[in-house]
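Here are a few short exercises to try with the model open in your viewer. Have a go at each task before you read its solution.

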Amino acid sequence: MKKTTPNVLILGGGVTGMSAARTLGDRDIVIHLVEKENSLGGHAAKWSCMATHTCENCGACLSIEAADQAQHQKNLKLHLNTRVRGIEKKDSGYEVVLENKESFTVQKIIMATGFSPFDPQKSPSLHHGNCPGVITTAELNTLLREESLSSLLKGKPNPKIAFIQCVGSRNREQGRDYCSQVCCKISMRHAHKLTHLYPEAQITLFYMDLQLIGKEIRTFYNGLSKTISLVQGLPAEILEHPETHQPTLVTEDKTTQSRVSQSFDLVVLSVGLEPSDTLEKTARILGLTPNSWGFFNTDTALVPQDIIPAGCAAGPKDILSSQQEGRIAAQKVMEELGLDTGAKAPVALFGEGLEAEQAAQTLASKGYPAYLFGKGASLSESSPVILLKDSRLISVAGTAGRFSLRYESSGQTRQLECTAIVAAARPMESPTAIKGPAHKVFSLDEFEQALEKTPDTCPENAVILLDYSGPEHKAPARLALNLALKARSADKTISLIMNQMLVHGALGQRLYDEARRKGVDFFRYETRDDLQIEDSGTGFRIKLKEATLPAILLDLSFNALVLPKSLAPAKEFAALAGLLRQPLDKEGFLQWANTRHRPTRSLRKGIFFAGTGHDDTDPDDLTRELDEIASFLAAQDLTPPDPGVEINQKKCAQCLTCIRICPHGAIVMNDKSRPQIVPESCFSCHLCVSNCPAYAIESRTMANEQVAGLVQKDRTTVFACERSAALAAGKLSLPDHVTLIPIPCACRISTDIILKALLNGASRVIVSGCHPENCRSHEGDKTAGDSVQRVLALPGVARDRVLWEPVAANETRKFEHLIFSATE
């Protein structure tokens with residue numbers, strides 16, 4: 001019987017669509033990707049780099065790299081600059097006809113049509129389009145990317161700039177009672193970038209509730225709050241100053257309680273995300289019924305079988321989450337087509353508590369033998385998870401597909417072979433300390449138990465205090481809101497006192513609105529100094545300087561005080577990270593924050609992270625993380641690409657430098673006690689080639705002599721990382737006196753290569769790669785920078801002849817300026 005190759009249609013060539021296509025790569029599938037524009041990348045490809053001294057983890061540059069990779073994917077057929085004209089369900093699948101008259105039949109459809117930014121002209125009071133000093137975040141991105149903002153600011157070194165949040169989001173009157181999930185972080189990154197470009201700038205950010213959600217966001221926020229003004233409350237209208245014609249905002253001075261006007265050189269509207277402008281037509285063609293917002297992220301949306309909405313087509317989300325949903329959608333396609341039939345090898349998981357147990361249970365249900373290093377308290381006796389209780393991990397050796405774990409159990413040393421490792425260790429939870437009151441303070445879990453098990457004796461008048469130990473994490477913030485609604489359903493009086501209200505997820509804003517309608521009292525404070533908590537004799541007395549009523553000191557009494565536990569990195573995180581050879585993030589949590597490996601991956605293939613021990617996650621996030629990990633596990637049986645490097649054993653001095661420095665753990669000792677490169681784990685960064693003292697690690701395409709041979713006399717030589725600077729240069733016509741040499745990573749450039757380039761006649765040498773903390777191979781940027789500095793320290797080398805400069809894939813204008821300024 002002749003084998004039929006399944007066909008899959010992906011609608012949309014943005015972050016989600018490209019991610020889905022990439023996940024289906026190297027499979028026996030034909031992928032048709034239809035994109036209405038003439039290039040791939042979507043909105044993300046049009047955004048500017050937010051890096052300052054380091055990468056700020058926005059992920060926009062990843063779309064440029066993904067678009068480049070898609071051009072070379074063998075099983076991917078690109079249909080650019082066209083749309084679907086019609087789709088008809090047939091017995092064999094869906095017959096698809098494009099506007100360019102091409103037709104084909106597919107079995108599955110991934111709808112990744114993305115979003116459209118909200119048009120602020122739908123809010124006339126903001127005067128976008130009428131006042132030249134009023135722009136959107138998307139327009140600011142264009143100005144930053146093209147390095148043309150200075151002209152709009154008329155060259156002022158100290159501009160006054162305002163950001164207004166929630167334009168087109170969290171607005172019941174406009175039918176957009178949802179949070180767009182991304183706007184707060186976008187504006188905060190923009191503000192940070194502007195303080196870097198204009199150190200004397202005066203920046204004010206007006207907000208409703210800052211959604212401080214995500215990895216390292218609290219550290220970022222704490223730093224930013226010291227350099228800009230953060231004002232709670234949104235101006236209702238933008239006026240034009242009668243003399244200067246500057247955009248002017250009327251706000252309240254909380255100190256004097258008077259209305260004051262402030263003029264700005266620039267007002268940036270942080271516009272929300274709404275369904276793609278093609279959504280209505282696409283949904284009609286596909287037979288879909290979106291919800292009232294036009295998305296597919298609630299139960300009211302209706303989606304036929306064989307069609308999978310993903311990314312921002314499903315609902316608003318950031319770049320990394322969109323990538324993740326693309327992978328998950330592709331994995332679902334493979335499962336439904338019966339293509340995920342490979343053997344399932346054992347997976348080891350680490351962690352105590354419900355998250356680790358859910359992770360183990362989920363992977364076990366997908367057919368992976370799951371070994372959990374933890375107590376497994378919530379697992380039933382019939383659970384397929386294999387528990388390794390009271391076991392102590394001693395060492396982790398090997399690579400993806402063949403990890404070897406040594407551990408101690410019952411006084412004996414044992415060994416486990418596994419294909420992958422999932423770190424789902426939980427953070428440290430500790431009761432928040434309150435000085436003074438003698439009465440018991442409830443945790444959220446204790447209050448929930450009281451509401452559910454003993455509602456009659458549960459306190460009649462309780463207050464939940466959020467943000468007392470710092471910005472609340474999303475899981476406890478949502479639990480607090482749900483408990484407040486449960487308390488009202490039980491006819492209890494309940495109040496929430498908070499600094500910010502998190503309204504994440506599809507229904508977060510509606511949940512907040514429902515709580516207000518049902519009588520939950522909300523109070524807001526700015527700092528802990530605005531609160532005085534005392535023992536009232538029968539409960540708690542809170543004297544509150546309410547943020548919206550600063551001249552009035554509220555005196556509130558409650559029977560019970562409920563405080564979420566504070567979250568902090570667990571003490572064992574450092575030890576676990578050491579065993580896994582993985583860096584912690586800036587706050588001490590598991591997993592480095594580099595967007596090239598997140599949300600769930602690590603520097604080492606086969607090692608993954610899940611749960612609150614590595615990111616600000618809730619139960620829905622954890623489910624998506626586990627589905628994404630499953631998609632990576634399913635790809636482990638694919639033939640790995642040739643890394644292009646090998647060890648010449650005749651030259652090898654067995655100094656083991658390569659094993660020590662490889663950030664990916666891709667070099668191991670073989671059974672002959674010799675170092676060996678494992679192709680399945682190698683990222684082909686060539687760091688080992690650059691650092692081998694015996695020159696024993698050889699590259700088939702990037703050997704020193706080969707690279708030096710590309711250098712041309714009396715020309716500027718640019719060594720550009722193929723994932724960053726080389727992509728930035730892709731659309732430029734370089735001057736005749738510039739030679740660009742793409743390299744796998746900036747860490748490939750050693751002092752040897754730079755010196756050979758100079759000796760071969762290069763007039764100048766520029767090394768350009770990723771920004772710090774964005775290199776896929778951890779510190780390739782630092783390695784290249786150090787090589788440049790060592791050459792510059794040599795006698796006779798002028799400082800203007802050798803240069804290191806980071807350039808992201810979406811910094812074409814910066815690269816252009818770099819080239820021309822360095823060659824003048």
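**Exercise 1.** Find the residue of E12 that is the bridge partner of Tyr 207.

*Solution.* Keep in mind that this is a predicted model. Start at Tyr 207 and step across to E12: the bridge partner there is Gln 232. Now widen the view to the two strands. E11 covers residues 202-207, and its pairing with E12 is parallel, with 4 bridges.

**Exercise 2.** Work out the strand order of the open sheet, then say why E9 and E12 each have one side without a neighbour.

*Solution.* Walk across the 5 strands: you get E9-E16-E10-E11-E12, paired in parallel. Next, look at the two edges. E9 (134-136) and E12 (229-232) each have a single partner strand, so one side of each has no neighbour in the sheet. As you go from one strand to the next, the twist averages 20°.

**Exercise 3.** Which strands does helix H5 lie across?

*Solution.* Pick out H5, residues 183-197. It lies across E10 (160-167), E11 and E16 (266-271), and runs at about 170° to E10.

**Exercise 4.** Describe how H3 and H5 pack, and sort their contact residues by class.

*Solution.* Geometry comes first. H3 (residues 137-145) packs on H5 at about 35°, and the axes are 11 Å apart. The crossing is left-handed. Then list who touches whom: H3 brings Thr 137, Leu 140, Asn 141 and Leu 144, while H5 brings Ile 186, Ser 187, His 190, Lys 193, Leu 194 and Leu 197. Sorted by class, that gives 5 nonpolar, 4 polar and 1 charged residues.

Key: Residues are numbered from 1 along each chain as its sequence is written. This is a predicted model: local features need pLDDT of at least 70, side-chain atom pairs count only at pLDDT 80 or more; totals for chains, interfaces and linings use all residues. Side-chain values use heavy atoms; hydrogens and water are left out. Two strands pair if DSSP finds at least two bridges between them. Axes are lines fitted to C-alpha atoms, for helices over the stretch in contact, and angles run from 0 to 180 degrees between N-to-C directions. Contact means heavy atoms within 4.5 Å. A crossing is left-handed if the near helix is turned anticlockwise from the far one by less than a right angle, and right-handed if clockwise. Ala, Val, Leu, Ile, Met, Phe, Trp, Tyr, Cys and Pro count as nonpolar, Asp, Glu, Lys and Arg as charged, and the others, Gly among them, as polar.
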